[in-house]
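Here is a short report on one protein chain. Please look over the sequence and the structure before reading on.

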Amino acid sequence: MGRTDIGPPDYKEMMPEVIKKNYGHWKYHEILKPGVMRHVGESGDELFTVRVGSPRLVSVDFIRDICDIADKYCDGHLRFTSRYNIEFLTPNKKNVGPIVAAAKTLGLPVGGTGDAISNIVHTQGWAHCHSAATDSSPIVKALMDELYGYFTSMKLPGKIRVSLACCINMCGAVHCSDLAIVGVHTKIPKVNHEKVAAICEIPTVMASCPTGAIRRHPDKDVKSVVIREDLCMYCGNCYT
């Protein structure tokens, strides 16, 4: 089939050769030490993964730095997990040590495997979202400073996943975590009737409310809405 620019590329094109060869035929996986995993295929081939923690918001320079590590030791292969971990993939065991050293040089912690805390998932915060009840990055940074030792070791009773959502819309997947931190608005939105009439579609605004707290203004001459305080759940859907 010819290549097109419609839709995403075939994910198998991005895989290391050892994964393509052993896809669906892995014999076992094991954790050698915090942040380092070994995967053995039925063919006898080996693949080593080095997992490091990454911030949610990264710069172009940061991406170039981790790509340099991947180019040098992993034939250009790395991946981001759904919890903001970076995994460097190499078929050569001798590259594991240099990858760990290079990651630590960048200030990246190696760990997050086995009975440990995984990297904290969080929402956009004030950097990108205009409905956030709190910011995310500073809170997550403070939390990970305290929990750092539980990421780089495997001394917890079991795996634990922590996430933070800046509001109760919860795009940070807090419902898929063991421990969730949620920012909550405490005041109902204030309605600027002039702006609502000028820039909002009233039916859309009303439909955005999951609890039906937004109603048409009782005065038919006023093209705006009113909010029932007893029904508002402070989610921020109406102004996002």
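The report below covers the domains, one helix and one buried residue.

**Domains**

Keep in mind that this is a predicted model. The domain assignment splits the protein chain into three parts, listed here.

| Domain | Residues |
|---|---|
| domain 1 | 14-106 |
| domain 2 | 115-184 |
| domain 3 | 193-231 |

Take domain 1 and domain 2. Their C-alpha centres are 23 Å apart. Domain 1 gives 13 residues to the contact, and domain 2 gives 19 residues. Together the two domains bury about 1200 Å². Carbon and sulfur atoms account for 51% of that area. Which three residues supply more of domain 1's buried area against domain 2 than any other three? They are Arg56, Leu57 and Arg83, which supply 54% of it. Salt bridges are a separate matter: between domain 1 and domain 2 the count is zero.

**Helix α2**

Now turn to helix α2, residues 60-73. This helix has 14 residues. From its first C-alpha to its last, α2 reaches 20 Å. That is close to the 20 Å expected at 1.5 Å a residue.

Which residues of α2 are buried? They are Phe62, Ile66, Ile69, Ala70 and Tyr73. Look down the axis of α2, and these buried residues fall within an arc of 95°, so they line one face of the helix. The other side of α2 has exposed residues: Val60, Arg64, Asp71 and Lys72.

What do the buried residues of α2 pack against? Their partners are two strands and a helix: β4 (78-80), β5 (85-90) and α3 (96-105). After α2 comes Asp75. The phi of Asp75 is positive, near 55°.

**Val52**

Last comes a single residue, Val52, in strand β3 (residues 46-53). Is Val52 buried or exposed? Val52 is buried, because its relative accessible area is 0%. Buried here means under 20%.

What does Val52 touch, leaving aside its neighbours within four places in sequence? Its contacts include Tyr84, Asn85, Ile86 and Phe88. Val52 is also in contact with Ala103, Leu108, Pro109, Val110 and Phe151. His25 can be compared by distance: it sits 27 residues from Val52 along the chain. The C-alpha atoms of Val52 and His25 are separated by 26 Å.

Definitions and conventions: Residues are numbered from 1 along each chain as its sequence is written. This is a predicted model: local features need pLDDT of at least 70, side-chain atom pairs count only at pLDDT 80 or more; totals for chains, interfaces and linings use all residues. Side-chain values use heavy atoms; hydrogens and water are left out. Helices (H or I, at least four residues) and strands (E, at least two) are DSSP runs, numbered from the N terminus. The expected span of a helix is 1.5 Å times one less than its number of residues. Buried means under 20% relative accessible area, exposed over 50%, partly exposed in between (1.4 Å probe, protein chains only). The arc is that of the directions from the helix axis to the C-beta atoms. Contact means heavy atoms within 4.5 Å. Domain bounds come from an automatic or database domain assignment. Buried area is the accessible area (1.4 Å probe) that two parts lose on being put together, summed over both. A salt bridge is a side-chain nitrogen of Lys or Arg within 4 Å of a carboxyl oxygen of Asp or Glu.
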